[in-house]
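Hi,

Here is the structure I promised to pass on. Have a look at it first, and then read my notes below.

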Amino acid sequence: MLGVWRNPAPGYAENYFEIRRNSIVIGVDENESSFRPIVSVEATESGRETEFRFEYSLEGGRVAPLLVVLIPGNPPRIRIGARPDQWVREDHAHLLKQGAS
């Protein structure tokens with residue numbers, strides 16, 4: 001799960017979602033991102049998929065939940081929150097280009 005994830009859907013070309021050991025980074029583009037420290041993470045298997053329930057820190061000491069679902073395959077993909085679209089790790093960027101054509 002660690003690494004930078006990209007979404008091949010139209011309108012997401014510059015967006016990224018990065019999972020680090022202790023933080024989440026949500027990138028709007030190469031110049032704007034939001035860094036969020038991870039407070040806790042719980043993993044639950046659901047069939048072939050694994051659900052990760054993150055809690056991360058917001059300004060002012062508040063904590064926010066985030067569900068990330070890991071979908072096995074070649075390449076593996078993730079879904080973020082309730083959105084149906086899937087993200088692919090950046091090291092599979094060549095697959096994103098193939099999917100866009």
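**What I found**

Arg6 of E1 has Val88 in E8 as its bridge partner. Keep in mind while you look around that this is a predicted model.

That pair belongs to the contact between strand E1 (residues 3–6) and strand E8 (residues 87–89), which run antiparallel and are joined by 2 bridges. On its other pairing, E1 is linked to strand E2 (residues 16–19) by 3 bridges, again antiparallel. There, Trp5 sits opposite Phe17 of E2.

Put the strands together and you get a closed barrel of 8, in the order E1-E2-E3-E4-E5-E6-E7-E8, with antiparallel pairing. From one strand to the next, the twist averages 35 degrees. As a reminder, strands of a sheet pair through backbone hydrogen bonds.

Now for the nonpolar side. The largest nonpolar core has 14 residues, and those touching the most other members are Phe17, Phe54, Leu66, Ile78 and Trp87. Two or more core residues come from each of E2, strand E5 (49–57), strand E6 (63–71) and strand E7 (77–80).

Trp87 is worth a click. Leaving out residues up to four places away in sequence, Trp87 touches Trp5, Arg6, Asn7, Tyr12, Asn15, Tyr16, Phe17, Pro76, Arg77, Ile78 and Ile80. Two names on that list, Phe17 and Ile78, also appear with Trp87 among the core residues that touch the most other members.

Cheers

Note on methods
Residues numbered from 1 in each chain as written. Predicted model: local features only at pLDDT ≥ 70, side-chain atom pairs only at ≥ 80, totals over all residues. Heavy atoms only, no water. Pairing = 2+ DSSP bridges. Helix = DSSP H or I, 4+ residues; strand = E, 2+ residues; numbered from the N terminus. Axes fitted to C-alpha atoms, helices over the stretch in contact; angles between N-to-C directions. Core = buried A, V, L, I, M, F, W, Y, C linked by side-chain atoms within 4.5 Å. Buried < 20%, exposed > 50% of the residue type's maximum accessible area, 1.4 Å probe, protein only. Contact = heavy atoms within 4.5 Å.
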